[in-house]
Amino acid sequence: MTGRDLAAPMVLSSWERRFPAEGRARLLLLLPALGFLLLVFAYPLWSIVVRSVTDPQPGFGHYVQIATVDVYLRVFSSTFSLALTVTLATFVLGYPVAYALARSRGLLQAILVMLVLLPFWTSLLVRTYAWMVILGRYGVVNKTLMALGLTDEPIRLLHTGLATHIGMVHILLPFMILPIWSVMARIDPALLMAARSLGASQLSAFVRVYFPLTLPGVLAGGLFVFILALGFYITPALLGGPSDLTISMLIAQQVSELLAWGFASALAVTLLVVTLVVILLAGRLLGTEKIWEGLK
Amino acid sequence: MAAAELPTALGRRGAPVRLEGLSKVFADAVAVADLSLEVGAGEFLTLLGPSGSGKSTTLLMIAGFLVPTRGEIFIGGVPITRKPPHERDIGVVFQSYALFPHLTVFDNVAFPLKMRNLPAAQIAQRVAYALDLIRLEGLGRRYPHQLSGGQQQRVALARAMVFEPPLLLMDEPLGALDRKLREAMQLELKRLQRTLSLTVIYVTHDQEEALTMSDRVAVMNRGRIEQVASPEEIYERPRTPFVADFLGESNSLGGTIARADASRFVVRTSAGLEVVGCEGHGMTEGHEVNLAIRPEQIVFLGPDERSDNVAEGVVEDAVYLGEAVRYLVRLKSGELLCVKRQNRRDGTDPKAGQPVRLGWSTDAVILHPARQQQ
Amino acid sequence: MSADREWESLGRLPQLLLYGACGLVLLFLMAPIFIVIPISFSDSLYLDFPPRGFSLQWYRRFLDSEEWTAAFWTSLQAGILATLLACALGTAAALGLARSRFPGKTLVVGFLVSPMIVPVIVLAIALYAVYAKMKLVGSLFGLVLAHAALGLPFVIVTVSATLQRVDERLEHAALSLGATPLKAFRHVLFPLIRPGMIAGAVFAFIASWDDVVIALFISGTRSATLPKRMWEGLRSEIDPTIAAVSTLLVALSVALMLVVELLRRRSARLAASAQYAEG
């Protein structure tokens, strides 16, 4: 008989309430991963935040520059519009594919899935390289055009904004298709049948019932593509022209060529903050569970 | 075939269990409040109660998956409250069986023996014996998903018993089985428990099951034990209105004691009916009380028959139950009584609308002081 | 999922349009990848398509070049080590998160998953800054740490998803039968979450293997990873060796994709049989 135990209060302290005795030991398992990320991830990020306001001298000078100097504002806005265009393009191209995936069965579906997943699994560099080959001076497109007699000289396709757009759409397309498909797969066909039985034409049922139901997947995919597009570096760097500068290219430039660490840090922090703001806004508008589901 | 016959038997028997002042508080509610209980070695004790009564919580605390807010648990006199579940040496049969899907039946049953580092030959022998005992010999190589519900349940049982635990806990293990299978399993379980002299604490909300299998029943309500006694005592002499109502059916009447002496008492119900009973529990005139009368103890009297208690009324409804018929009789005094009568089909069954005379003995009257119960 | 007959069939025209559009998009997706393959077998120095002759010279170039093979080994080493680290940390974290509630859990989960969301360039220069001070630039150790951080979220997500489907009472049963928490993990949990762990490991490996941006900054010149070497090649020479490397990478992608798909089916079967067992 432990006198201490029998005298223990019958009301839980707030600590006990929030960390019930049964689960306490489990939480220790979280510590290695948390510690690791704090060290390798959070600390470096923090250090560039600090750097952005201390290098070369304390103050918000870099941020003022970003907000006021025309060049930088243009880089930000052009990256933004690039991301937006790419997102829209992937939506237009990806929605039919997701729909076809959702409607197909068996072998056809398996093949379609493979066709969507294979690019997804292929290295970013390989795909970008492929576009360099296709759009180059003596690449597939130019060769075909010349063979067909449509032009005498190879057209400048590579190292243009168009090439960047095409490359990015190609790479980000699976990221749009998969979330939309996953939401479509969970739609109960009975809903469409109900709409039809209530007098809607096929088109009407699609526009009024089906499409709204797929919206969570569309928005999740759209958000993901947009965020990825904002931070893209490799593809614009390889496919774009000298005037197609994205934020990430600018950051890389500032670090490798100019060694302007303070400014580069400020740019990076700005990009990070913009990304987080977009996510938060989307989360607020859509509800975070839907996005989470889309990611699976 | 007793376990002791087995040459490699560990030779262990069920141990006595003691719970002292056990309590469990969750963030928003008290699930178990100051529960104390003693279970004898080799006894089959059932925790019986509705959902939310705290019976499963108590079981989980004994098993070690919940930490008591207060109190101690002793097995064979040894306190185990601070031991983690894997050191408690208790067998647990879960409601959903929890068989390991990636292991064969043999490996499932062998698991606790393997965890205790028994030699392989001994394990093989013990598992074979256990499978034999539950009549599943030869199915050792199958996987759980290839077995029927009843078979899985038996494998779960064998797995929990094969290491001869001093205590076996069962949490509504028969809930998922259909009626016939359930009744067969109840007998099986009882037989096994007796054969192996296991101490069993069994949790269920099914009162029939509790009455059939247990040596003693502990009726729980809102985290407390209302009564612990043999099935007969619980049913015949329920100590509180809750117990009276939970086990079997009962007619509940409120009233005051009109007269009382050493051997009899008379209660006048709020509607004016006078009921005579014999065990007054020392209560006196004026006391507010609750009466409980079991439907099967009320009989339909012939025109000249007499009884300790007689009441007149009209049959309002007769429900056919197969082996019995349940009647609702509206008394002249206004109360509605439920009467249960074996289906005799000899033409004497009362019909709806028929005026009748009801009778019951003083033994059939269960008296409780009126309290804010239920 | 619904049977085919539950979907109302589209008219001829819509169906044609749908599958036509779909086909075009898929062609757009697939074609570039396969263009790379023939080039790798070309016998000329130029990026010709279609190539004029057949030759394995670019593959030989790749295998003979010390730069390329060194890059390959660096990538492989980093990938394997980073994956192991991510798996260990991630599985532990997923176990800790499963079935537990505590204040701030959403924040913790968000933090653990955030390496997936943060733009890579930001992380790359942040690590470069820190590594430069700690003299870790160009070290395998630094590379493994960075890649493990990239892969961690994948492992956590896949293992958590698998854990959700495992009945909690199986762990309880194992403990009640005398298994210490470690043994319960080894004998009961691990076999059941193994498919999730492997899937997570594959994703983490790919994250490391394909990473360009971080490697660009922190892997130094002498111990460059394969993607970094490719990047340099693409920026300067554009020699068809890259095509050969690309083809090999595509082959690897196909193999990994098949592995994950097979695993997915296997774990679905196991989960289905476990559910059936519940009676």
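The paragraphs below lead through a predicted model, beginning with confidence and then turning to chain B and the nonpolar core.

Because the model is predicted, the confidence values are a sensible place to start, and pLDDT is the predictor's confidence in each residue, from 0 to 100. Chain A averages a pLDDT of 84, and 93% of its residues score at least 70. Within chain A, the confidence is highest in helix 4 (residues 30–52), at a mean of 92, and lowest in helix 1 (residues 3–6), at a mean of 44. The stretch covering residues 1–6 of chain A has a pLDDT below 50, and in the model this stretch makes eight contacts beyond near neighbours in sequence.

Chain B is divided by the domain assignment into domain 1 (3–240) and domain 2 (249–369), and the C-alpha centres of these two domains of chain B lie 40 Å apart.

Residues 17–25 of chain B form strand 1, which runs antiparallel to strand 4 (residues 70–75) of chain B and is joined to it by five bridges; in this pairing S23(B) stands opposite R70(B). Strand 4 of chain B also pairs in the antiparallel sense with strand 5 (residues 78–79) of chain B, over two bridges, with I75(B) opposite V78(B). Strands 4 and 5 of chain B form a hairpin with two residues between them, and G76(B) in the turn has a positive phi of about 60°.

Further along chain B, A124(B) lies in helix 3 (residues 120–133). Is A124(B) buried or exposed? A124(B) has 16 other C-beta atoms within 10 Å and is therefore partly exposed, since a buried residue would need 20 or more and an exposed one 12 or fewer. A124(B) and F106(B) are 18 residues apart in sequence, while their C-alpha atoms are 8.6 Å apart in space.

Later in chain B, an open sheet of five strands follows the order 15-19-16-17-18, with antiparallel pairing. Strand 15 (299–301) and strand 18 (336–342) of chain B stand at the edges, and because each has a single partner strand, one side of each is left without a neighbour in the sheet. Neighbouring strands of this sheet are turned by 50° against each other on average, direction ignored. Reading the sheet from the strand 15 edge, strand 15 of chain B pairs with strand 19 (residues 355–360) of chain B over three bridges, and V299(B) stands opposite G359(B). Strand 19 of chain B is in turn joined by six bridges to strand 16 (residues 309–320) of chain B, where E312(B) stands opposite R357(B). At the other edge, seven bridges join strand 17 (residues 324–331) of chain B to strand 18 of chain B, and R326(B) stands opposite K340(B).

The largest nonpolar core has 264 residues, and those with the most contacts inside it are L172(A), A229(A), A268(A), I201(B), A124(C), I125(C) and L127(C). Helix 8 (residues 181–210) of chain C gives the most to this core, with 16 residues. Domain 1 and domain 2 of chain B both give residues to this core, so it lies between them. For L172(A), the contacts outside the four places on either side in sequence are with V86(A), T90(A), V225(A), L228(A) and A229(A). As a general background, nonpolar side chains tend to be buried together in soluble globular proteins.

Note on methods
Residues are numbered from 1 along each chain as its sequence is written. Chains are lettered from A and ligands numbered from 1 in the order in which they are written. This is a predicted model: local features need pLDDT of at least 70, side-chain atom pairs count only at pLDDT 80 or more; totals for chains, interfaces and linings use all residues. Two strands pair if DSSP finds at least two bridges between them. Helices (H or I, at least four residues) and strands (E, at least two) are DSSP runs, numbered from the N terminus. Axes are lines fitted to C-alpha atoms, for helices over the stretch in contact, and angles run from 0 to 180 degrees between N-to-C directions. A nonpolar core is a set of buried Ala, Val, Leu, Ile, Met, Phe, Trp, Tyr and Cys residues joined through C-beta atoms within 7 Å. Domain bounds come from an automatic or database domain assignment. Two residues are in contact if their C-beta atoms, placed from the backbone, lie within 7 Å.
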